[in-house]
Amino acid sequence: MPVNVSGIKEMKKALSLVDKDLLKEVQGEIRAAMIPIRDKARGYAPADSTVLSGWTKSAGIIGPMRYRTFPKYNREQVVEGIKYSAGSNKRNNKGWSASSYVSNRSAPGAIFETAGRKNPDGAAWGGLQADVNNREISHSLNPRAGAQFIAAMPGLVNARPQGMPGNNRGYKQKGRLIFRAAAEGQGQAMAHILKALEKTVITFQKRTEIRRAA
């Protein structure tokens, strides 16, 4: 995750049991920190006229279709698909899930965000005769289609904080929309969230003391 603060989900769950008003307050503070990232990411979605020629056009299919068509680009769809969610997403294969996050829900948006992240020159070329179920290769008529597609895009931006410990799969922290926005605004978002959490703890302690006194 570009902006990663551990324990928020557990804290929100605890507050929901003892102080729902305070839970609403902290959710509002976290939202205030994340919405600017969402809005900035939306602003980085390129206009239809600036993406690679042909990406905004529907594929003309004649007869039986053996391959899933490549999602065409539409800026309005990409912008609408960049959303903030206060809930938790689906757990990954390691059991981790995120709470209060910005996600990219459209296919063209996800492609623009991550193209070239794993393979800078695009997927290996297989052509039309390759296995149709193999999604790790390109089935384009053009052997250089992937490389040309990626070369026409702006560079990937690394949202992983410098010096952050972890494995070497840093490429998963790179992108052009949400990850770029997170990289540029991570310091402000992190500071805002930490300040909100600190304020929540102090407020909760004060309210608990008042209840005990009563």
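Lys 40, Arg 180 and Glu 184 are joined up in a network of salt bridges. Keep in mind that this is a predicted model. One link in the network runs between the side chains of Lys 40 and Glu 184, at 3.8 Å from N to O. Lys 40 belongs to helix 2 and Glu 184 to helix 6, so this pair ties together parts that are 144 residues apart in sequence. The other link is local: Arg 180 bridges to Glu 184 with the closest N and O atoms 3.4 Å apart, and both of these residues sit in helix 6, four residues apart, about one turn of the helix.

How exposed are the members of the network? Lys 40 has a relative accessible area of 34%, so it falls in the partly exposed class. Glu 184 is partly exposed as well, at 39%, and Arg 180 is partly exposed at 28%.

The whole structure contains four salt bridges. Here are three of them, including the two just described.

| Salt bridge | N to O distance |
|---|---|
| Asp 39 and Arg 38 | 2.8 Å |
| Lys 40 and Glu 184 | 3.8 Å |
| Arg 180 and Glu 184 | 3.4 Å |

The Asp 39 and Arg 38 bridge has a split character in terms of burial. Asp 39 is partly exposed, with a relative accessibility of 36%, whereas Arg 38 comes out at 17% and is therefore buried, the cut-off being under 20%.

Arg 180 has a second role to look at, this time with an aromatic ring. Besides bridging to Glu 184, Arg 180 lies over the face of Tyr 44, 3.6 Å from the ring centre. There is another arrangement of this kind elsewhere: the charged end of Arg 117 sits over the ring of Phe 179, at 5.4 Å from the ring's centre.

On to rings that meet rings. The structure has two aromatic pairs. In one, Trp 55 and Tyr 73 have ring centres 5.0 Å apart and planes at 45 degrees; since that angle is neither under 30 nor over 60 degrees, the pair is tilted. Both residues are in the loop between helix 2 and helix 3, and the pair ties together parts that are 18 residues apart in sequence. Tyr 73 is buried, with just 1% relative accessible area, and Trp 55 is buried too, at 7%.

The other pair brings Trp 55 up against Phe 149. Their ring centres are 4.8 Å apart and their planes make an angle of 75 degrees, so this one is edge-to-face. While Trp 55 comes from the loop between helix 2 and helix 3, Phe 149 is part of helix 5 (residues 145-151), so the pair ties together parts that are 94 residues apart in sequence. Phe 149 is buried, just like Trp 55. Put the two pairs together and you get one aromatic cluster of Trp 55, Tyr 73 and Phe 149.

Which residues have the most contacts inside the largest nonpolar core? They are Trp 55 and Leu 177, in a core of 25 residues. The elements giving two or more residues to this core are helix 2, helix 3, strand 1 (82-88), helix 4, helix 5 and helix 6 (178-213). Helix 2 supplies the largest share, with six residues.

Leu 177 has a long list of partners once residues up to four places away in sequence are set aside. Among them are Ala 41, Tyr 44 and Ala 45, along with Val 78 and Ile 82. Leu 177 also touches Asn 104, Gly 109, Phe 112 and Glu 113. Tyr 44, then, is touched by Leu 177 and has Arg 180 over its face.

Two of those partners come up again around Ser 106. This residue lies in the loop between strand 2 (99-104) and helix 4 (107-114). Is Ser 106 buried or exposed? Its relative accessible area is 6%, so Ser 106 is buried. A polar atom of the Ser 106 side chain lies 3.0 Å from the backbone nitrogen of Gly 109. Leaving out neighbours within four places in sequence, Ser 106 is in contact with Gln 77, Val 78 and Gly 81. Val 78 therefore appears in the contacts of Ser 106 and of Leu 177 alike, contact being heavy atoms within 4.5 Å.

Conventions
Residues numbered from 1 in each chain as written. Predicted model: local features only at pLDDT ≥ 70, side-chain atom pairs only at ≥ 80, totals over all residues. Heavy atoms only, no water. Phe/Tyr/Trp six-rings, centres within 6.5 Å; stacked < 30°, edge-to-face > 60°. Buried < 20%, exposed > 50% of the residue type's maximum accessible area, 1.4 Å probe, protein only. Lys NZ or Arg CZ within 6 Å of the ring centre and 35° of its normal. Polar contact = N/O pair within 3.5 Å; in protein donor to acceptor, adjacent residues only side chain to side chain. Core = buried A, V, L, I, M, F, W, Y, C linked by side-chain atoms within 4.5 Å.
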